[in-house]
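The following report goes through one protein chain, moving from local placements to pairings between side chains and then to open space. Please keep the sequence and the coordinates at hand while reading.

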Amino acid sequence: RRRYVPETLKQAFERSDFAIERLLSWGGWLVPILRLHRFWRRGRPNSTPMQIYSEYVKLPPWPLSSALRLGFILDRQLALRGLIRRGASLVAVARRTR
């Protein structure tokens, strides 16, 4: 698991056979929800890093999972147009140079 900001993702590609064409953020509406989720999960005693991560990536129960899916469907067009400045995910569109 790695977390990147645009600058560090660009650095990760510097010594590769790929040139970044676009960086896109995705899931901007999800940022406040994730912050709240992390706050609730913080400080659980006797949890291993793997347990914390497993809990973090676990899908929520229905109907919340369906609401999240709808949010991502609505977010997709904004993300593909590059209209989201900060999001929960960062995607690199790159082309092989060699």
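## Helix 1 and strand 2

T8 is found in helix 1, in a model that is predicted. With a relative accessible area of 31%, T8 is classed as partly exposed, because the partly exposed class runs between the limits of 20% and 50%. Although T8 and V91 are 83 residues apart along the chain, their C-alpha atoms are separated by 12 Å.

A second pair that spans 83 residues in sequence is formed by A92 and L9, whose C-alpha atoms are 7.9 Å apart in space. A92 lies in strand 2 and counts as partly exposed at 26% relative accessibility. When neighbours within four places in sequence are left aside, the contacts of A92 are with L9, F13, R22 and L23.

## Two salt bridges between strands and segments

How many salt bridges does the structure hold? There are two, and a general remark may help in reading them: side chains of opposite charge can pair when their charged atoms come close.

In one of them, the side chains of D17 and R98 meet with an N to O distance of 3.3 Å. Because D17 lies in the loop between helix 1 (6-13) and strand 1 (18-26), while R98 belongs to the segment after strand 2, this pair ties together parts that are 81 residues apart in sequence. The two partners fall into separate accessibility classes, since D17 counts as partly exposed at 27% relative accessibility, whereas R98 counts as exposed at 75%.

The other salt bridge joins R95 and E21, where the closest N and O atoms are 2.4 Å apart. This pair also links distant parts of the chain, with R95 in strand 2 and E21 in strand 1, 74 residues apart. At 54% relative accessibility R95 counts as exposed, because the exposed class begins over 50%; E21, with a relative accessible area of 45%, is partly exposed.

## A buried serine and a nonpolar patch

Is S25, which is placed in strand 1, buried or exposed? S25 counts as buried, at 10% relative accessibility, because buried means under 20% relative accessible area. Not counting residues up to four places away in sequence, S25 touches A79, I84, R85, R86, G87, S89 and L90.

On the surface, W26, V91 and V93 make a nonpolar patch of about 210 Å². Of these residues, V93 lies in strand 2, which covers residues 89-96, and V93 counts as partly exposed at 33% relative accessibility. The same valine can be set against G71, which is 22 residues from V93 in sequence and 22 Å from V93 in space, C-alpha to C-alpha. G71 is placed in helix 4 and, at 14% relative accessibility, counts as buried.

## The largest pocket and its helices

Where empty space is left can be shown by rolling a probe the size of a water molecule over the atoms. In this model, about 700 Å³ of space lies in the largest pocket. The lining of the largest pocket consists of 23 residues, and those nearest its centre are L34, Y56, K58, P60 and L68. Helix 2 (31-41), helix 3 (49-57) and helix 4 (64-80) are the elements that each give two or more residues to this lining. Which element gives the most to the lining of the largest pocket? That element is helix 2, with six residues.

H37 lies in helix 2, and its contacts beyond neighbours within four places in sequence are with E55 and Y56. The C-alpha atoms of H37 and Y56 are 8.1 Å apart in space, for a separation of 19 residues in sequence.

## A cis peptide bond

Most residues other than glycine have a negative phi, and most peptide bonds are trans. Against that background, the bond that joins W62 and P63 is a cis peptide bond, with omega at about 10°. P63 is found in the loop between helix 3 and helix 4.

Notes. Residues numbered from 1 in each chain as written. Predicted model: local features only at pLDDT ≥ 70, side-chain atom pairs only at ≥ 80, totals over all residues. Heavy atoms only, no water. Patch = residues over 30% accessible without salt bridge, like charges linked within 9 Å, V, L, I, M, F, W, Y side chains within 5 Å. Areas by Shrake-Rupley, 256 points an atom, 1.4 Å probe, with all protein chains shown as cover. Salt bridge = Lys/Arg side-chain N within 4 Å of Asp/Glu carboxyl O. Helix = DSSP H or I, 4+ residues; strand = E, 2+ residues; numbered from the N terminus. Buried < 20%, exposed > 50% of the residue type's maximum accessible area, 1.4 Å probe, protein only. Contact = heavy atoms within 4.5 Å. 1 Å grid on protein atoms, 1.4 Å probe; cavity = no way out; pocket = protein on both sides within 12 Å on 5 of 7 lines; lining within 4 Å. Points joined across faces, edges and corners; volume = space filled by probe spheres on them.
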